[in-house]
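Before reading on, please take a moment to look at the sequence and the three-dimensional picture side by side. The paragraphs below go from the strands to the spaces that the chain leaves empty.

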Amino acid sequence: MSLHLIIKKAVLCLFIAFAFGLNAQNNEGLKEAIESDVSIPDSKQRNVAYSIGYHNPIPTGDNFIGNGLEGNGGLNFKVQIYVYKQFFVGGSLGASYFDVKDPSILGDYKKTRIAEQFLFLGYEFIPTENFRIGLTASVFGKARYKNQKSDNVYQIDTARLNSYGIYLTYEISREFMIYLDYAFRVDKTRINVPTALEGTFRKGAFSQIGIGLKFSFIGKDFISLF
């Protein structure tokens, strides 16, 4: 089974496991949080969250992305499951779009789409009742580059990705939040180029600044369910 399918199935399993299996626990957790005299982190405990967002990719560094591409937006969808307290695991699917600004580096291409999928670990801090600060790091991921000359002429390349992020969420209601996030991406490519160009194409890097919506459900973390 390919890495591409493994990650997609893992994200799908994360989504299904909690979307349907923990609805009763959500209601129980909400009742306990309201009726009990507990701390802010405990009263705000979630078991699952889903988010969808828009981001702007910003090429950086002395590499083929930093020197040859210009960001043109992107989208992502994430699922995160709270394993114990504010520690969570999750999965992400998304894509970043770029225009080619320097054909002398990348060849006769007009634009590039980088499809991404990865699993991640993270932790949330809850400094006040309505705000959360989260830190994330990918543990297993893949990127797929579609470099287009025209609608019907393109080249596909692949890479292993590493992503490190931070986000800030503001709670509008118990289950609905808005967020701002930042992530730094490093892709280790498998692009075949002459030896003289390996330093430029071996790795690509860019930052992502995004905004989005998050839906989460109050309830016990995964370990506390047992």
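Two strands are said to pair if DSSP finds at least two bridges between them. The model shown here is a predicted one, and with that in mind we can begin with strand E2, residues 69-84, and strand E3, residues 87-100, which pair in the antiparallel sense over 13 bridges. One of the residues to look for in this pairing is Asn-76, whose bridge partner in E3 is Gly-94.

Between these two strands the chain has to turn back, and the hairpin of E2 and E3 does so with two residues between the strands. Lys-85 lies in this loop between E2 and E3, where its phi is positive, near 55°. Is Lys-85 buried, partly exposed or exposed? Lys-85 counts as partly exposed, because its relative accessibility is 34%, and the partly exposed class lies between the limits of 20% and 50%. Although Lys-85 and Asn-47 are 38 residues apart in sequence, their C-alpha atoms are 8.8 Å apart in space.

From E3 we can step across to strand E4, residues 111-125, which runs antiparallel to E3 and is joined to it by 13 bridges. Gly-94, which we met as the partner of Asn-76, also stands opposite Glu-116 in E4, and a reader who follows these three residues is led from E2 through E3 to E4. The next step goes from E4 to E5, which pair in the antiparallel sense over 15 bridges, and here Leu-119 stands opposite Phe-140 in E5.

Further along the chain, E6 and E7 form a hairpin with two residues between them, and they pair in the antiparallel sense over 14 bridges. Gly-165 has Ala-183 in E7 as its bridge partner, while Ala-183 has a bridge partner in E8, namely Gln-208. The pairing of E7 with E8 is again antiparallel, and it extends over 13 bridges.

What do the strands form when they are taken together? Eight strands close into a barrel in the order E1-E2-E3-E4-E5-E6-E7-E8, with antiparallel pairing. Within this sheet, neighbouring strands are turned by 20° against each other on average, if direction is ignored. The chain as a whole has six helices and eight strands, and along the sequence these follow the pattern α-α-α-β-α-β-β-α-β-β-β-β-α-β. Among the contacts between residues at least 6 apart in sequence, 67% join residues that are at least 24 apart.

We can now look at a single residue of the barrel. Ser-51 has its place in strand E1, residues 46-59, and it is buried, because its relative accessible area is 5%, whereas the limit for a buried residue is under 20%. Leaving aside residues up to four places away in sequence, Ser-51 touches Asn-76, Phe-77, Lys-78, Tyr-179, Leu-213 and Lys-214. In the chain, buried residues make up 43% of the 226 residues.

The last part of the picture is the empty space. Rolling a probe the size of a water molecule over the atoms shows where such space is left. For this model the count comes to one cavity of 30 Å³ or more, and the largest cavity has a volume of about 260 Å³. Of the 21 residues that line this cavity, the closest to its centre are Lys-78, Thr-136, Tyr-167, Asp-181 and Ala-183. The elements that give two or more residues to its lining are E1, E2, E4, E5, E6, strand E7 (176-189) and strand E8 (203-218). By class, the lining of the largest cavity has eight nonpolar, nine polar and four charged residues.

There are also pockets, and the second largest pocket has a volume of about 170 Å³. Strand E5 (131-148) and strand E6 (154-173) are the elements that give two or more residues to its lining. Among the residues that line this pocket are Phe-64, Leu-69, Tyr-109, Tyr-145, Asn-147, Gln-155, Asp-157 and Phe-201. The lining residues of the second largest pocket divide into seven nonpolar, four polar and one charged.

Definitions and conventions
Residues numbered from 1 in each chain as written. Predicted model: local features only at pLDDT ≥ 70, side-chain atom pairs only at ≥ 80, totals over all residues. Heavy atoms only, no water. Helix = DSSP H or I, 4+ residues; strand = E, 2+ residues; numbered from the N terminus. 1 Å grid on protein atoms, 1.4 Å probe; cavity = no way out; pocket = protein on both sides within 12 Å on 5 of 7 lines; lining within 4 Å. Points joined across faces, edges and corners; volume = space filled by probe spheres on them. Nonpolar A, V, L, I, M, F, W, Y, C, P; charged D, E, K, R; others polar. Axes fitted to C-alpha atoms, helices over the stretch in contact; angles between N-to-C directions. Buried < 20%, exposed > 50% of the residue type's maximum accessible area, 1.4 Å probe, protein only. Contact = heavy atoms within 4.5 Å.
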